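Hi everyone, thanks for making time this morning. I'd like to walk you through one structure, so let me put it up on the screen.

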6 protein chains.
Amino acid sequence: MSSSVSRHSGRRPDQLRAVRITRQYTKHAEGSVLVEFGDTKVICTASVSEQVPGFLRDRGQGWLTAEYGMLPRATHTRSDREAARGKQTGRTQEIQRLIGRALRAVFDLEKLGARTIHLDCDVIQADGGTRTASITGAFVAAHDAVSKLLSAGKLVESPITDFVAAISVGIHDGVPLLDLDYVEDSQCDTDMNVVMTGSGGLVEVQGTAEGAPFSRGEMNALLDLAQAGIYDLIAMQRKALEQLYA
Amino acid sequence: MSSSVSRHSGRRPDQLRAVRITRQYTKHAEGSVLVEFGDTKVICTASVSEQVPGFLRDRGQGWLTAEYGMLPRATHTRSDREAARGKQTGRTQEIQRLIGRALRAVFDLEKLGARTIHLDCDVIQADGGTRTASITGAFVAAHDAVSKLLSAGKLVESPITDFVAAISVGIHDGVPLLDLDYVEDSQCDTDMNVVMTGSGGLVEVQGTAEGAPFSRGEMNALLDLAQAGIYDLIAMQRKALEQLYA
Amino acid sequence: MSSSVSRHSGRRPDQLRAVRITRQYTKHAEGSVLVEFGDTKVICTASVSEQVPGFLRDRGQGWLTAEYGMLPRATHTRSDREAARGKQTGRTQEIQRLIGRALRAVFDLEKLGARTIHLDCDVIQADGGTRTASITGAFVAAHDAVSKLLSAGKLVESPITDFVAAISVGIHDGVPLLDLDYVEDSQCDTDMNVVMTGSGGLVEVQGTAEGAPFSRGEMNALLDLAQAGIYDLIAMQRKALEQLYA
Amino acid sequence: MSSSVSRHSGRRPDQLRAVRITRQYTKHAEGSVLVEFGDTKVICTASVSEQVPGFLRDRGQGWLTAEYGMLPRATHTRSDREAARGKQTGRTQEIQRLIGRALRAVFDLEKLGARTIHLDCDVIQADGGTRTASITGAFVAAHDAVSKLLSAGKLVESPITDFVAAISVGIHDGVPLLDLDYVEDSQCDTDMNVVMTGSGGLVEVQGTAEGAPFSRGEMNALLDLAQAGIYDLIAMQRKALEQLYA
Amino acid sequence: MSSSVSRHSGRRPDQLRAVRITRQYTKHAEGSVLVEFGDTKVICTASVSEQVPGFLRDRGQGWLTAEYGMLPRATHTRSDREAARGKQTGRTQEIQRLIGRALRAVFDLEKLGARTIHLDCDVIQADGGTRTASITGAFVAAHDAVSKLLSAGKLVESPITDFVAAISVGIHDGVPLLDLDYVEDSQCDTDMNVVMTGSGGLVEVQGTAEGAPFSRGEMNALLDLAQAGIYDLIAMQRKALEQLYA
Amino acid sequence: MSSSVSRHSGRRPDQLRAVRITRQYTKHAEGSVLVEFGDTKVICTASVSEQVPGFLRDRGQGWLTAEYGMLPRATHTRSDREAARGKQTGRTQEIQRLIGRALRAVFDLEKLGARTIHLDCDVIQADGGTRTASITGAFVAAHDAVSKLLSAGKLVESPITDFVAAISVGIHDGVPLLDLDYVEDSQCDTDMNVVMTGSGGLVEVQGTAEGAPFSRGEMNALLDLAQAGIYDLIAMQRKALEQLYA
């Protein structure tokens, strides 16, 4: 991998932005995390409700679902408020479906029991990679919510089967780059989001050619890069979760 | 006024919660403020657009409007996301109309020129008084946006004619209380929101009997309390705006 | 209070418009009133349903709620039909929430039993003060609905605890005026809606500075004026309700 | 036709209900009519706007369109407010499309010039036949609006080419009945709405078998009955329009 | 009837277009028919669900309802997709209500039992007469669905009481024409849709004057024409249903 | 690759279903294709409009966008009609965004000129793989629309830069399978959709672990399989496009 490429941030091609995971960010939710990937900041909350959606009634299993939003001025120019427009964009729905699938991949829904975990990922500042930051932060929020259920004796065994995190990668001027910020994202020919578990299993791979199509070789380079990045993210999740709270 | 009442927080009846006003909270908006009244936390951004709504076209004046939202888990129990439900509740619309009117009361819209300031007030944690905190924070965000227009030479004179802030007051067990938190708000017989300018003019008074109706005497006591609180808030706005930024 | 001001209608500053309350205006509703404040005409119906909304299920109490609408050509220029636009405006929602709160202030919902009274206030001609006329008329309609429940033996005791009526007041050229019509309403600097019970308790006070802020002294003058007007309105409600029907 | 049938109202089979047409019913609209067919009462307003919808831009012709609504408690049991539900029912849309077509049949849209007449038909009390009462009343309201355009010199020649009115007919126990009220409407096997011009031309015939299909003979009997009724209605429109107003 | 008129297709005034009814067109539905009237092509499916809508709960009878749609490019110029616009047009609702009524006229809903037949009529190519083709095809689809219920022993007796089919007729240059295609439909002064049973009973007659009003004589000529056409269509339905399938 | 796996259809693991591409399927659209992958049948139309969306105004380039829908009974059990529900599901939006991106990858939008190609993909029968069939068929429809623009002299050079097609692949019991039908799709642990150009470039790769995560080795096996399948599909597109039409 070329080491001579210069990123506008000065980062190496395989370098993550500064990542921070702040637990107990707001006080009401069972899990509440502020996750920051550089200037991208997302509040991820996990809310437990002792009900399941209609399609799971009397199945003896739980559910985990996600919603995603962006404050109108999280971005360079203000975008319309979805609540005022009266509907969520296709992009929003695509992202929240992705977050839900990613988290369900590491949940044993039968062990969760007949309850629902709602994950809300709200971007308060956007600088690229909001969906992957959301997944990475939502896992920690969900973990905290599960810990509360365990402490309260509502669960005797954790339904969480593995860690899960996500990162974006892309190719710019032929060089694979890890963790794209907004400027890089809009310059890349290829953009890929990768979701992976702690044991290295792929959960989602979504690669899109924005300009020229990409080759199998490029795809492999991107997946290598993503894997290393996700291992680092999972180490950070682990460390954040080790911290004790009163 | 009884001095023996005990508030669950230990505050005196005429005491505000700890108020913090953090400017430049997010990086994209022309004005961005995190305002905290105790555990109530609202992100207020001011966005400038060089357009006016249709009903003001070719009138040579500007406009200032507000939108309000709450993250689904800003509250004790999760509420539905308005964007997912496909419409804003009556409460949301009532609040955002109030914020808009309050801010327009201290703006000379002709001096603003043919542009719009959008104020977005998004509650990330709610503990009572979100609408009054929003007005108080939105003023600072709007002030920062105007400063940018002045620095950039887009305005030669500020369209801001006065300070404006707001506070809630209520009567609990016969005692008028300043700056109600969520628990107090739900216990009060009467709940009043007051918006006032720096020069002491009333902009909005919205008093509601939740239980028993209130008397003129009680109303006067509430307005006295509110006035003192608003003067304190305006002093804090002033101090926050004096701070220099790079 | 200056007596030299001239209102375009020739009314004295403290004079109500001609008020008429016509009961049994339409035939299907349990209560049906046409209320007229000068050229403002509102049909207020009260409908009883033997159900309560979900949030009150199994609480052994009733509910009272209001909806408000305006015929498209109730106003000078035709406005879009809300049913065709697919949503109610913020103004409509604000008004119907106000009417509901005002009426609930004089209802003992436990005595109402597990049923709902729906109040529909539909403006067929608007000339200012539609929300206060609605409250004043809706009370009479609700009273008639309760009388039917009493006659039918469905209630043994009235859940109505007091009379309630409402009026608008405003300041024009420094003079406080009672019961603003459309032209006056658009000229006033300050506009206030007051809801009060028969025993003189304040239920709602909503004062808004349209232009310059208002002082405490002005506020007091407006409340004095409103109180006298509301006492007159309640006398008219009382008289209307004394009339016997076959 | 059997003369021995007894209608619950005591009417003869070929007898209209008491019909009243009140012009200038509300004050803002260019035409405003209260039309009553027995207990069915509809406010019909005609509003003139000096614009045409997009699909007619630069065609040098005008447009005439209708909207229909019912107050929630115009009926025996309260129905949901369409504005609150967020959409108009199929029935509402069907009726307002019918009213528009019926009126356009007697308008020369080129002579109307590049303007639109909006007809709003709002049922304040329903007892069967609301759509035919609406057409009958809307014609008078539209006529008044045209008279205003002529008086104001905005039109030099009337675009109205003929009278138009409508009535419902049905078959009950084998007997054709004119002008069905609500009870009769729900008992009839066949229900037909007929729209006809002053010169006897058919504009719309909408016959529906609610129970058993109907024969050509029955259809003819119904059309005969409708024709006589419509001639009476047109005489009443004519008489109402002859009345002079200040 | 004049035989000298020339239709652009070369058809005689009383001649149907080529009609084709293809059963088992798609594989999942209980009944699935492609019906073609010349270039008008509609897929009609009948789906059985073992539930009834709320208003029929515990009434021991079934329901039959219809929905109608058009592919965006079924027409000459592309029309907006109703699902993307977020609502069905008035025209769509009018048509689907008509289809439902037409089919219910030949169903004994008590014999159907507590289940619902959903008819979906989706136009894949439009050339006039889509609603009448839909009714004609939907009957065959509904018949197939009933046959499946009979074969499966879920019904012991057919709830179908008669055949039903529909056709459009119109008057062009004074000549009554059967089965209008798109070009003819837009040229006709009068347009009528007729729904009739196999035993010759009228179910729906909807005649509309597009230009000049029509006379009773014209109406009779159109009904004669329609009746002959519908008898032909019912013969084709009968023949299609006689075909055996594996 | 194991040759011992048995697919319920009898296909080899690397075998496509019978694929048919029928051009000129409906008559109005500039391009109209029925594409069949076994029992999955999708009508793909391409409509040309001489306008561009607002965000491209005055940019001198064109646009290509896609919409997707499913007839309510295209599936085993009837699903709600999106037009009746009033909104498109997240799944629908995700798919139509994918189709649009896939086609834009082989279009030079500047060469297209200031016009829009709307692709409508409507599933009339679903048996798995509807999105990949849609892309494959939409390319042929778009190609036909471009040919019309070239023939009409509206374009002098084709904006199409390459072929594009798509296929689904998945892993079932450890065996990679090509072109999943509905039953296989619901049994697979991993499901991947691949979009590729004629020159072998990857346009989209969307892999999702439905059950257990997948490994890099499995991912590679799936991509190999997909590539072979897509080459076959492109050969079929090529052959379909060679056919001459009058």
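**A helix pair, a chain pair and one alanine**

In chain A, helix H2 passes helix H4 in a right-handed crossing. Keep in mind throughout that this is a predicted model.

Which residues make that contact? From H2(A) we have A:Arg91, A:Glu94, A:Ile95, A:Leu98, A:Ile99, A:Ala102 and A:Leu103. H4(A) answers with A:Thr130, A:Arg131, A:Ser134, A:Ile135, A:Ala138, A:Phe139 and A:Ala142. Sorted by class, the contact of H2(A) with H4(A) has nine nonpolar, two polar and three charged residues.

Now the geometry, for those of you who like angles. H2 of chain A covers residues 90–104 and H4 of chain A covers residues 130–151; their axes come within 10 Å and cross at roughly 40°. Because angles under 35 degrees count as roughly parallel and the perpendicular class begins at 65, H2(A) is oblique to H4(A).

Let's move on to chains C and D. What superposes chain D on chain C? A rotation of 180° does the job, with 0.0 Å of shift along its axis and an RMSD of 0.0 Å. That is the relation of a two-fold axis. Both copies use the same surface, too: 100% of the contact residues of chain D recur in chain C.

One last stop, in chain F. F:Ala221 sits in helix H6, residues 216–242 of that chain. Is F:Ala221 buried or exposed? Its relative accessible area is 25%, so F:Ala221 falls in between and counts as partly exposed. F:Arg81 lies 140 residues away along the chain, and the C-alpha atoms of F:Ala221 and F:Arg81 are separated by 38 Å.

Thanks, and I'm happy to take questions.

Definitions and conventions. Residues are numbered from 1 along each chain as its sequence is written. Chains are lettered from A and ligands numbered from 1 in the order in which they are written. This is a predicted model: local features need pLDDT of at least 70, side-chain atom pairs count only at pLDDT 80 or more; totals for chains, interfaces and linings use all residues. Side-chain values use heavy atoms; hydrogens and water are left out. Copies are superposed by least squares on the C-alpha atoms of residues with pLDDT of at least 70 in both. Contact means heavy atoms within 4.5 Å. Axes are lines fitted to C-alpha atoms, for helices over the stretch in contact, and angles run from 0 to 180 degrees between N-to-C directions. Helices (H or I, at least four residues) and strands (E, at least two) are DSSP runs, numbered from the N terminus. Angles under 35 degrees count as roughly parallel, over 145 as roughly antiparallel, 65 to 115 as roughly perpendicular and the rest as oblique. A crossing is left-handed if the near helix is turned anticlockwise from the far one by less than a right angle, and right-handed if clockwise. Ala, Val, Leu, Ile, Met, Phe, Trp, Tyr, Cys and Pro count as nonpolar, Asp, Glu, Lys and Arg as charged, and the others, Gly among them, as polar. Buried means under 20% relative accessible area, exposed over 50%, partly exposed in between (1.4 Å probe, protein chains only).
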